[in-house]
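Please look over the sequence and the model shown here before reading the report. It may help to trace the chain slowly from one end to the other.

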Amino acid sequence: MKAVNLKGDMMQVLLINGSPHQYGCTYTALSEVAGQLEAEGISTLIFHIGSDPIRDCTGCFGCEKTGHCVYKDDPVNTCIDLARQADGLVVGCPVYYAGPSAALCALLDRMFFLKSAFYAYKPAAAVVNCRRGGASAAFDRLNKYFTISNMPVVSSQYWNATHGLTPDEMKQDLEGLQIMRTLGRNMAWLLKCIEAGKGKVSYPEPEPRLMTNFIR
């Protein structure tokens, strides 16, 4: 996978398109978010994970020393690098059986495992698209990656879901599109607040990590 860099002095948001369709409904929803971010002076990159298979995490702990996954034949390491460079993160995907796509979950499992410190305190949001139902369950699943990683979760005026089987259908979901625009503006506001606080407000001081295994 060819490396991609976020460049420039502007604040930057990475938007991950977790759909196998590069320019489908998920892309359309993410583009609505990106448009508002750009209007607020924040640069964006929509990164498509592709339609090729993505390995799941094997728990080998090989990334513990390098910060990258040992498997280098899919987009995971590129996403790790882009997320480390970015100031904020939006993850979008279609709803499959009331959950995110398996490929996206595999990517996020490897992207976050033992690497959440790279993304701590970066605002994040999830976006899902469905034909009819299952959006809330998929939305909840994606947010768990952020809430285990000290990432502020950006809200909107409603849960971040759009509806439609095709981009043309989705564009008829006027409320869903408004939710995406509100999300973009809210993320821009939070990013600017964080930027304004640099040098004035310190990040929270972490405690030494405690882990409890529930055994008898």
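The report below moves from the whole chain to one helix and then to a few backbone angles.

## The chain as a whole

This is a predicted model, and the values given here are computed from it. The protein chain has seven helices and five strands, and from the N terminus on these elements follow the order β-α-β-α-α-β-α-β-α-β-α-α. The radius of gyration of the protein chain is 17 Å, close to the 17 Å that the globule rule gives for 216 residues, so the chain is as compact as a globular protein of that length. Along its principal axes, the C-alpha trace spans about 50 × 45 × 40 Å.

Contacts give another view of how the chain is arranged: among those between residues at least 6 apart in sequence, 76% join residues at least 24 apart.

## Surface and charge

Of the 216 residues of the protein chain, 45% count as buried. The accessible surface of the chain comes to about 12000 Å², and 54% of that surface belongs to carbon and sulfur atoms.

As for charge, the protein chain carries 21 positive and 20 negative side chains, and the centres of these two sets lie 3 Å apart.

## Helix H4 and its neighbours

Helix H4 covers residues 102-112, and it is mostly covered, since eight of its 11 residues are buried. The buried residues of H4 are Leu104, Cys105, Ala106, Leu107, Leu108, Arg110, Met111 and Phe112, a list in which the charged residue Arg110 appears.

Which elements do the buried residues of H4 pack against? They pack against strand S1 (12-17), helix H3 (76-85), strand S3 and helix H5 (135-147).

## Residues with positive phi

On either side of H4 there is a residue with a positive phi. Before the helix, Ala98 is placed in the loop between strand S3 (88-94) and H4, and its phi is near 65°, a positive value in a residue other than glycine. Ala98 counts as partly exposed, because its relative accessibility is 37%, which falls between the limits of 20% for buried and 50% for exposed. Just after H4, Leu114 takes a positive phi of about 65°.

Elsewhere in the chain, Phe61 is placed in the loop between strand S2 (43-48) and helix H2 (63-66). Phi of Phe61 is also positive, near 65°, in a residue that is not glycine, and with a relative accessible area of 45% Phe61 is partly exposed.

How values were computed: Residues numbered from 1 in each chain as written. Predicted model: local features only at pLDDT ≥ 70, side-chain atom pairs only at ≥ 80, totals over all residues. Heavy atoms only, no water. Helix = DSSP H or I, 4+ residues; strand = E, 2+ residues; numbered from the N terminus. Buried < 20%, exposed > 50% of the residue type's maximum accessible area, 1.4 Å probe, protein only. Rg over C-alpha atoms; globule rule 2.2 N^0.38 Å. Contact = heavy atoms within 4.5 Å. Areas by Shrake-Rupley, 256 points an atom, 1.4 Å probe, with all protein chains shown as cover. Charge placed at Lys NZ, Arg CZ, Asp CG, Glu CD.
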